[in-house]
Amino acid sequence: MMNTQFLASAASTTDSAIESVSSFWNDEKVQSWLIERPIRIAIILILAIIVHWLLHRIINKVADNSIKSTGLDKQRFREKFKGRSHHPELSQQEEAMRQTRETRRASRIKTLAGVARSAAAIFVWVWAVIAILDELEVNVAPLIASAGVIGVALGFGAQALVKDFLSGIFMLIEDQYGIGDVVDLGNGVFGDVESISLRITTVRDIDGALWYVRNGEILQVANHSDEYSVARIQVPVGLSNDPEVAGEIIEDAVKEAAQDDKVRKLILSTPRVDGMSGFEPDYVSFRVSTKTLPGKQWDVQRFLQSRVLNVMHTKGITTPYPHGIGIADPRKEEEE
């Protein structure tokens, strides 16, 4: 009898527990929180991962195709410089200039692609977080409003940072300068561009100092390496010389120097003597100019100056005060 009562009590307890578990499991809220919501959250996460991966891949694909599409750019480049010069080394010079432009373009595209990837990631995961919070029955409206207020506050507090980023984006889009270019940013910042980010541009000057310049503080840029450069020298000639003869000798000297193997691949046009560009009380000045490969103007300028001076000495063309101010020619004194 006791065993029968015990078994009946145990069966009753078991049925009660099963009923409790069954009623708990069949509750709509329990079903929603333990099954439906986790499934929807998992779907949101999977969708975010897939969309992020797709956008990342699309951006990389577009950037790679843009970098590799050099055929049309090469054709346009040749059409642009067609007929500008009959220099025998023009094809090699054009190729060197095109490669310089391609390097700058590739660097700009990679930087913009990085910005696009970051923006896509922020957009996708902010959406995913908001959707998950909504599934968890968190009221996201106050959060969005608070985020807007915080964003405005941060915008006022970080105006310089926002300005730097916007300036960096427009600078890259407009291709104002690239890595390796020789630029003058004002305030004594003159040198080679070593790196470019959305916030900072670094420039190495002639003394080896590395300048960190915020993009928002760059108000004007003088790019000495965009497409081509110009080597320009001023040749002073003493008043005792015949200016026409001196001009002819200088012109012959620079044209001959332009054919030298050391600089001929750097020069894009025949050097031109613009005649007397200055008439001073004690000398006249002849200006010589020629187009060169980007950033090579100083190498050509130094070479032309050295060659012209040697030819002038050989041809007897004197410079102002060849023996010093107030000092007579020692050769004339010996003859006397």
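This report describes the annotated membrane spans, the β-sheet and selected side-chain contacts of a predicted model.

## Annotated transmembrane regions

The unreviewed UniProt entry carries the annotation "transmembrane region" for residues 41-59, 111-133 and 139-162. In the predicted model, residues 41-59 are 100% helix and 0% strand, and the C-alpha atoms at the ends of this span are 27 Å apart. Residues 111-133 are likewise 100% helix and 0% strand. For residues 111-133, the distance between the end C-alpha atoms is 33 Å.

## The β-sheet

The model contains an open sheet of five strands, arranged in the order β4-β3-β2-β1-β5 with antiparallel pairing. The edges are occupied by β4 (210-214) and β5 (222-223); each has a single partner strand, so one side of each lacks a neighbour in the sheet. At the β5 edge, strand β1 (residues 182-186) pairs with β5 in the antiparallel sense over two bridges. Within this pairing, N223 of β5 is the residue opposite V183.

Strands β2 and β3 are antiparallel and are paired over five bridges. They are connected as a hairpin through three residues, and D192 has R204 in β3 as its bridge partner. Five bridges also join β3 to β4, again in the antiparallel sense, with T201 opposite V213 in β4. The hairpin formed by β3 and β4 has four residues between the strands, and G208 in this turn has a positive phi of about 90 degrees.

Strand β3 (residues 200-205) is largely enclosed by the rest of the structure, because five of its six residues are buried.

## Aromatic and charge-to-ring contacts

One aromatic pair is found in a search of the whole structure. It consists of F190 and W298, whose rings meet edge-to-face, with 6.2 Å from centre to centre and 80 degrees between the planes. The pair links distant parts of the chain: F190 belongs to strand β2 (residues 189-196) and W298 to helix α8 (residues 297-315), and 108 residues separate the two. Both partners retain some accessibility: F190 is partly exposed at 32% relative accessibility, and W298 is partly exposed at 28%.

A further ring contact involves Y228. The charged end of K291 sits over the ring of Y228, at 4.5 Å from the ring centre.

## Salt bridges between and within elements

Eight salt bridges are found across the whole structure. One of them joins the side chains of R214 and D164, with an N to O distance of 3.0 Å. R214 is in strand β4 and D164 in helix α6 (residues 159-174), so this contact ties together parts that are 50 residues apart in sequence. The two partners differ in burial class: D164 is buried at 2% relative accessibility, whereas R214 is partly exposed at 30%. R214 thus belongs to one of the edge strands of the sheet, given that β4 stands at an edge.

Other salt bridges lie within single helices. In helix α7 (residues 243-258), E251 and K255 are four residues apart, about one turn of the helix. Their side chains meet in a salt bridge at 3.1 Å, N to O. E251 is partly exposed at 29% relative accessibility, and K255 is partly exposed at 35%.

In helix α8, R302 and D299 are three residues apart and therefore separated by about one helical turn. Their side chains form a salt bridge with an N to O distance of 2.6 Å. D299 has a relative accessible area of 34%, which places this residue in the partly exposed class. Salt bridges with shared partners also join D164, R214 and E217 into one network.

## Links between the sheet and the helices

Two of the contacts described above connect a strand of the sheet to a helix. The aromatic pair of F190 and W298 brings together strand β2 and helix α8, while the salt bridge of R214 and D164 does so for strand β4 and helix α6.

Methods
Residues are numbered from 1 along each chain as its sequence is written. This is a predicted model: local features need pLDDT of at least 70, side-chain atom pairs count only at pLDDT 80 or more; totals for chains, interfaces and linings use all residues. Side-chain values use heavy atoms; hydrogens and water are left out. UniProt positions are given in the numbering used here, feature names are shortened, and annotations may be inferred rather than shown by experiment. Two strands pair if DSSP finds at least two bridges between them. Rings of Phe, Tyr and Trp (its six-membered ring) pair if their centres lie within 6.5 Å; planes under 30 degrees apart count as stacked, over 60 as edge-to-face and the rest as tilted. Buried means under 20% relative accessible area, exposed over 50%, partly exposed in between (1.4 Å probe, protein chains only). A charge sits over a ring if NZ of Lys or CZ of Arg is within 6 Å of the ring centre and within 35 degrees of the ring normal. A salt bridge is a side-chain nitrogen of Lys or Arg within 4 Å of a carboxyl oxygen of Asp or Glu.
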